[in-house]
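Open the model in your viewer and keep the selection box at hand. We will go from stop to stop, picking something to select and looking at what is there.

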Protein chains: 2
Amino acid sequence: MRAIIVGSGAGGLTTASTIRKYNKDMEVVVITKEKEIAYSPCAIPYVIEGAIKSFDDIVMHTPEDYKKERNIDVLTETTVVDVDSKNNKIKCIDKDGNEFEMGYDYLVLATGAEPFIPPIEGKDLEGVFKVRSIEDGRAILKYIEENDCKKVAVVGAGAIGLEMAYGLKKRGLEVLVVEMAPQVLPRFLDPDMAEIVQKYLEKEGINIILSKPLEKIIGNEKVEAVCVDGKLYDADMVIMATGVRPNVELAKKAGCKIGRFAIEVNEKMQTSIPNIYAVGDCVEVVDFITGEKTLSPFGTTAVRQGKVAGKNIAGVEAKFYPVLNSAVSKIGELEIGGTGLTAFSANLKRIPIVIGRAKALTRARYYPGGKEIEIKMIFNEDGRVVGCQIVGGERVAERIDAMSIAIFKGTTAEELANMEFCYAPPVSMVNEPLSLAAENALKKLGK
Amino acid sequence: MRAIIVGSGAGGLTTASTIRKYNKDMEVVVITKEKEIAYSPCAIPYVIEGAIKSFDDIVMHTPEDYKKERNIDVLTETTVVDVDSKNNKIKCIDKDGNEFEMGYDYLVLATGAEPFIPPIEGKDLEGVFKVRSIEDGRAILKYIEENDCKKVAVVGAGAIGLEMAYGLKKRGLEVLVVEMAPQVLPRFLDPDMAEIVQKYLEKEGINIILSKPLEKIIGNEKVEAVCVDGKLYDADMVIMATGVRPNVELAKKAGCKIGRFAIEVNEKMQTSIPNIYAVGDCVEVVDFITGEKTLSPFGTTAVRQGKVAGKNIAGVEAKFYPVLNSAVSKIGELEIGGTGLTAFSANLKRIPIVIGRAKALTRARYYPGGKEIEIKMIFNEDGRVVGCQIVGGERVAERIDAMSIAIFKGTTAEELANMEFCYAPPVSMVNEPLSLAAENALKKLGK
């Protein structure tokens, strides 16, 4: 029996390791275009910032590690160009251009997503970068050094865009962020919460232009300026953080059903072809709150899907649950997290909601080092929590996790307001901010 | 209408403020023996340590603040000596020895707990201290300075004992901890988890003697040594952190029913006498897991009870839920938390359990500053989580809170293993340790 996994991101490698964990005999082969594997793309901005010393640090394992420790074969710099799902065969091309075929019993498509680069003038100039692979990160650092870059334009104010903006600022560059939406972090936070992040970055000296697209990139071979709203801004380089598109080409070739956004899978992570599974950024998932199809392009989602696919392939039943799209980012001194529905999406979908808010500290008022923390909690009409956004100086991620559990388990505002939260002056307040936010909603719910 | 609250701890003051929040007209009077109010006794060890500059810093409000901002009268240094519950009257003595009576419509007993000092030889020597009130804290610091103390014995290795031990060590004293139980933090952690804390403190240079009582304190007027297991240890002072006993004298005088451990209350925080309520360390509560009566001597419990009592007195219905006795402590570099059932109590009560463990880091492996974190999760036979203990270098409190929600909502090991946890390299691992601990249990549950 042979399982072939196409792609060496979090989803692909987790699937491979999970199959091996539950089945010692199956042959497991990972095929990837990349040269380096087993690194976290989320870490790229932090290397740029200098918080992590070097790109070498973020590579966790080599292909040799996988062979030695887990008996998993990893073929790097190899592209899968076709799938013959009738005969259970794939066609590949290795780095020297040699074509070869390989049969499989199970195929796992972990083909990820490609950066979406808007089709604007100047996008192919030298000095325009995307932020997807470790090669992109290395190339950005190299270009800054070789060209002594002073000014950068970051296009897109999502988490990666803002993390990169902050990282480049810390590296000493002058940074301009251009975002089409009227707020930063548009998919992640409501406008009111996003404003806290925006103000912080502006205070840190980052220029942010909202509600405007990047019109063109100007330069002669290399980037020299960007044009926004008819105005020119000097720039030595441009970082495109304009989102990603699921990579579904191979799935199409295999004949797998493609859904509204990406590859369709069932809760076992099986595609419409039973012995072909798919995991990670290339699949679509179900939204826990709305029940609608959505994307969940997060490393954590890929890991959880990889575990489910791997177990099922190894004959252990497992199910992937609908997602809350819980996420966190650290940008400078701010920790920013969100889970479940935002008020913005609720309004779009005409879901009636009640909002609870709290603004508090992360430690007892008198304990040094406490940071501000601001919470926005979203409840449905029944008083059950359906979403939460938090921006604060510390201890945000675990609070988001607590709220993810609360949402998943249908917890009410009354339960959260009365919930038992632990307390010690150096690490919390005697009145937990999550509880205060729920109490605030409780009043509006008329309870 | 007049509500009298006896006691100015977290429970008493929260009750008073909550009544006022929901009722602008009722007369609200707080009567307390103490001179200073509205401080957190949990902060005392951190002032000793020097993490908080002075005892003045931990006093959050004065009696005058309460009068001015909330129209609440606070009578300090006044003792309530009797309750005539038939005629709804109390008898008091003020600091000058004047006796007076006062009528009430509602009476709230927030009489707290008294330190339990074992009846050993030498307990009344100069230099023996308890750690209950801000006066105790001030007296300890003064005694150290005036007597140039070099060596201290801390009796009791509960959270306050260990926090004090660490604080005194940081202040430059040589510290010996003496604990009768065979482990530190006996009510809070299982022995295996307690060992991590013990080893850390020993590495920090604190001597710990377990499984032995303090036999006597030796000295001529002032403490000179302590005797443990027949051996003498030099000591300039002794800190008694030997636990507390609920203060139920006044409740007895009033004729309120006393339960197995403390004052009996219903879920509205009413005693057996309908217009007398009780909150805080002087009441007994219901254990969420076992359904048995228990104590919950925590500031957070007192606050939550105060809110419930205050609302009910003001005519707003509210219920106090059974407790998990969720707690956290920060001792030096370690954050230590627990919630729900321990394996030790489960075994005592013959409740069959399954344990899940994880040892991981608090940040991505390559991200600087990550700390070790160790998790022990307790599940019942059905696979539902009933307890969790965590010791780690950071981000423990909120994980405990997440687990309290999980326990409260009957979350299973399978749900936790598949739960969506947020991830960014500076603040978490892509495989959340809570999820790994649940996964570990899942295997043992045969699921």
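Helices here are DSSP runs of H or I with at least four residues, numbered from the N terminus. With that in mind, select Gln305(B), which sits in helix α8 (residues 299–313) of chain B. Keep in mind throughout that this is a predicted model.

**Stop 1: Gln305(B) and its neighbours**

Is Gln305(B) buried or exposed? Its relative accessible area is 1%, so Gln305(B) is buried. Now show the residues around it: leaving out those up to four places away in sequence, Gln305(B) touches Met269(B), Val279(B), Gly280(B), Val283(B), Val285(B) and Phe320(B).

**Stop 2: chain A as a whole**

Zoom out and select chain A. Its secondary structure consists of twelve helices and 25 strands. The C-alpha trace spans about 65 × 55 × 40 Å along its principal axes. For 447 residues, a compact globule would have a radius of gyration near 22 Å, and the 23 Å of chain A agrees with that. Of those 447 residues, 57% count as buried. Turn on contacts if you like: among those in chain A between residues at least 6 apart in sequence, 62% join residues at least 24 apart.

Switch to a surface view next. The accessible surface of chain A comes to about 18,000 Å², and carbon and sulfur atoms account for 47% of it. Colouring by charge picks out 58 positive and 64 negative side chains in chain A, with the centres of the two sets 3 Å apart.

**Stop 3: aromatic rings**

Over all chains, a search of the whole structure finds ten aromatic pairs. For one of these, select Phe129(A) and Tyr143(A): the ring centres are 5.3 Å apart and the planes are at 65°, so this pair is edge-to-face. Phe129(A) belongs to strand β9 (residues 128–130) and Tyr143(A) to helix α4 (residues 134–147) of chain A, with their positions 14 residues apart in the sequence. Phe129(A) counts as buried at 12% relative accessibility, and Tyr143(A) is buried too, at 8%.

Then select Phe288(A), Tyr321(A) and Phe408(A), which ring pairs link into a cluster.

**Stop 4: two positive phi angles**

Most residues other than glycine have a negative phi. Leu185(A) is not a glycine, yet its phi is positive, at about 45°. You will find Leu185(A) in the loop between β11 (174–178) and α6 (191–203) of chain A. With a relative accessible area of 1%, Leu185(A) is buried.

Move to chain B and select Asp229(B), another residue other than glycine with a positive phi, here near 55°. Where is Asp229(B)? Look in the loop between β14 (222–228) and β15 (231–234) of chain B. Asp229(B) counts as exposed, at 51% relative accessibility; the cut-off for exposed is over 50%.

**Stop 5: Asp234(A)**

Finish in chain A with Asp234(A), in strand β15 (residues 231–234). At 57% relative accessibility, Asp234(A) counts as exposed. Which residues does Asp234(A) touch, not counting those up to four places away in sequence? They are Lys151(A), Glu224(A) and Ala225(A). As a last step, draw a distance from the C-alpha atom of Asp234(A) to that of Lys33(A): the two residues are 201 residues apart along the chain, and these atoms are separated by 35 Å.

Methods. Residues are numbered from 1 along each chain as its sequence is written. Chains are lettered from A and ligands numbered from 1 in the order in which they are written. This is a predicted model: local features need pLDDT of at least 70, side-chain atom pairs count only at pLDDT 80 or more; totals for chains, interfaces and linings use all residues. Side-chain values use heavy atoms; hydrogens and water are left out. The radius of gyration is taken over C-alpha atoms; the globule rule is 2.2 Å times the number of residues to the power 0.38. Buried means under 20% relative accessible area, exposed over 50%, partly exposed in between (1.4 Å probe, protein chains only). Contact means heavy atoms within 4.5 Å. Accessible areas come from the Shrake-Rupley method with a 1.4 Å probe; for residues, only the protein chains shown count as cover. Lys and Arg count as positive and Asp and Glu as negative; His and the chain ends are not counted. The place of a charge is taken as NZ of Lys, CZ of Arg, CG of Asp or CD of Glu. Rings of Phe, Tyr and Trp (its six-membered ring) pair if their centres lie within 6.5 Å; planes under 30 degrees apart count as stacked, over 60 as edge-to-face and the rest as tilted.
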